Amino acid sequence: MMRRLALVLALLGCGAGVHAQQRPSTLNMTCGQAQRVILSRGAAVLSTGTYTYDRFVRDRGFCEFNEGVELALVPTRDTPQCPIGYRCVSEDLDFFDD
């Protein structure tokens with residue numbers, strides 16, 4: 001009985017490997033599709049090339065308190081520079097007016 005249970009658990013463990021979740025790629029989307037992903041989710045990490053990716057946001061509300069936004073242009077299937085949304089960028093906080 002114990003051997004059977006051990007065998008079943010071993011077989012289940014072999015088949016339950018962890019699979020990495022792939023990021024959606026802007027290269028496989030039209031510009032409009034990529035923009036809709038950001039608009040609907042608010043923020044998303046998307047691949048922009050074979051080995052490149054970034055986090056894109058709909059507005060500053062998806063950034064940290066000390067971050068601002070800059071326009072993000074990415075390559076898509078139909079547009080070399082699609083305005084997908086924004087990237088969060090660090091802002092220098094100068095509390096002492098130096």
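In this predicted model, the side chains of Arg58 and Asp59 form a salt bridge, with 3.7 Å from N to O. Arg58 is partly exposed at 32% relative accessibility, and Asp59 is likewise partly exposed, at 33%. A search of the whole structure yields two salt bridges. The other one joins the side chains of Arg87 and Asp54 at 2.5 Å, N to O. Arg87 belongs to strand 4 (residues 82-90) and Asp54 to strand 2 (residues 53-57), so this pair ties together parts that lie 33 residues apart in sequence. Asp54 is partly exposed, its relative accessible area being 27%. As a general point, side chains of opposite charge can pair when their charged atoms come close.

Strand 2 also takes part in strand pairing. Strand 1 (residues 43-47) and strand 2 pair in the antiparallel sense, over five bridges. Within this pairing, Val45 has Arg55 of strand 2 as its bridge partner. The two strands, strand 1 and strand 2, form a hairpin with five residues between them.

The covalent links come next. The structure contains two disulfides, and they are set out below.

| Disulfide | S to S distance | Citation |
|---|---|---|
| Cys31 to Cys82 | 2.0 Å | |
| Cys63 to Cys88 | 2.0 Å | |

Counting the bonded cysteines along the chain, the disulfides follow the pattern 1-3, 2-4.

For Cys31 and Cys82, the torsion about the S-S bond is about 80°, so this disulfide is right-handed. Cys31 lies in helix 2 (residues 31-41) and Cys82 in strand 4, so the pair ties together parts that are 51 residues apart in sequence. Cys31 and Cys82 are both buried.

The link of Cys63 and Cys88 is left-handed, with -85° about the S-S bond. This pair connects distant parts of the chain: Cys63 is in the loop between strand 2 and strand 3, whereas Cys88 is in strand 4, 25 residues apart. Cys63 counts as buried because its relative accessibility is 13%, and buried means under 20%.

On the surface, Val69, Leu71, Leu73 and Tyr86 make a nonpolar patch of about 320 Å². Strand 3 (residues 67-74) supplies the largest share of this patch, namely three residues. Val69 is found in strand 3 and is partly exposed, at 34% relative accessibility. In general, the side chains of a regular strand alternate between the two faces of the sheet.

Terms used: Residues are numbered from 1 along each chain as its sequence is written. This is a predicted model: local features need pLDDT of at least 70, side-chain atom pairs count only at pLDDT 80 or more; totals for chains, interfaces and linings use all residues. Side-chain values use heavy atoms; hydrogens and water are left out. A salt bridge is a side-chain nitrogen of Lys or Arg within 4 Å of a carboxyl oxygen of Asp or Glu. Helices (H or I, at least four residues) and strands (E, at least two) are DSSP runs, numbered from the N terminus. Buried means under 20% relative accessible area, exposed over 50%, partly exposed in between (1.4 Å probe, protein chains only). Patches are made of residues with over 30% relative accessible area and no salt bridge: like charges are joined within 9 Å, nonpolar side chains (Val, Leu, Ile, Met, Phe, Trp, Tyr) within 5 Å. Accessible areas come from the Shrake-Rupley method with a 1.4 Å probe; for residues, only the protein chains shown count as cover. Two strands pair if DSSP finds at least two bridges between them. A disulfide is a pair of cysteine sulfur atoms within 2.5 Å.
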